[in-house]
Amino acid sequence: MNKHGIELTIYAPANRSATVARVEVQRGHFQEFYNTRSTYLYYVVSGSGTFYVDDQPHPVGPSDLVTVLPGSRVHYFGSMELVLTVAPAFDERDEHHVRFISETESPHH
């Protein structure tokens with residue numbers, strides 16, 4: 001599945017306590033969003049980039065973990081392979097679009 005610049009492989013668990021996905025991004029996730037219920041945990045497997053959580057930049061590299069709490073806005077740039085855990089499990093009704101991001105906003109362009 002391709003979503004605003006990222007390639008997602010979602011692993012559907014038997015229970016709904018969490019959703020786990022493999023994320024590949026080449027340039028960035030060009031959508032700023034927030035979730036009203038779930039925490040997003042991004043583990044950086046490889047590559048590097050910058051996460052923006054509530055407009056605060058967080059440079060990341062391999063083995064870094066980024067935690068995005070419910071209600072916090074997030075988007076990111078870079079070329080990375082990530083493992084994303086969403087807990088409680090992802091429900092599209094809880095995710096809210098803030099804005100689309102221009103590639104020119106990336107410090108990596």
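Let's start with who touches whom: of the contacts in the chain with a separation of 6 or more, 70% are between residues 24 or more positions apart. Keep in mind that this is a predicted model.

What is the chain built from? Walk along from the N terminus and you meet β-β-β-β-β-β-β-β-β, that is, nine strands and zero helices. Now for the overall shape. A compact globule with 109 residues would have a radius of gyration near 13 Å, and the chain has 13 Å, so the two agree. Along its principal axes, the C-alpha trace spans about 40 × 25 × 25 Å.

Next, inside and outside. Of the 109 residues, 39% are buried. The chain exposes about 5800 Å², with carbon and sulfur atoms supplying 54% of that area. As for charge, there are 8 positive and 13 negative charges, and their mean positions lie 5 Å apart.

Finally, have a look at the aromatic rings, which make seven aromatic pairs. Take Phe-30 and Phe-77: their ring centres are 6.1 Å apart and their planes sit at 55°; an angle from 30 to 60 degrees counts as tilted, so this pair is tilted. Where do these two sit in the chain? Phe-30 belongs to strand E4 (residues 28–35) and Phe-77 to strand E8 (residues 74–87), so the pair links parts of the chain 47 residues apart. Both Phe-30 and Phe-77 are buried.

Tyr-42 and Phe-51 make another tilted pair, with ring centres 4.9 Å apart and planes at 55°. Tyr-42 and Phe-51 are buried too. They also belong to one aromatic cluster, together with Phe-33, Tyr-40 and Tyr-76.

Technical notes
Residues numbered from 1 in each chain as written. Predicted model: local features only at pLDDT ≥ 70, side-chain atom pairs only at ≥ 80, totals over all residues. Heavy atoms only, no water. Helix = DSSP H or I, 4+ residues; strand = E, 2+ residues; numbered from the N terminus. Rg over C-alpha atoms; globule rule 2.2 N^0.38 Å. Buried < 20%, exposed > 50% of the residue type's maximum accessible area, 1.4 Å probe, protein only. Contact = heavy atoms within 4.5 Å. Areas by Shrake-Rupley, 256 points an atom, 1.4 Å probe, with all protein chains shown as cover. Lys, Arg positive; Asp, Glu negative; His and termini not counted. Charge placed at Lys NZ, Arg CZ, Asp CG, Glu CD. Phe/Tyr/Trp six-rings, centres within 6.5 Å; stacked < 30°, edge-to-face > 60°.
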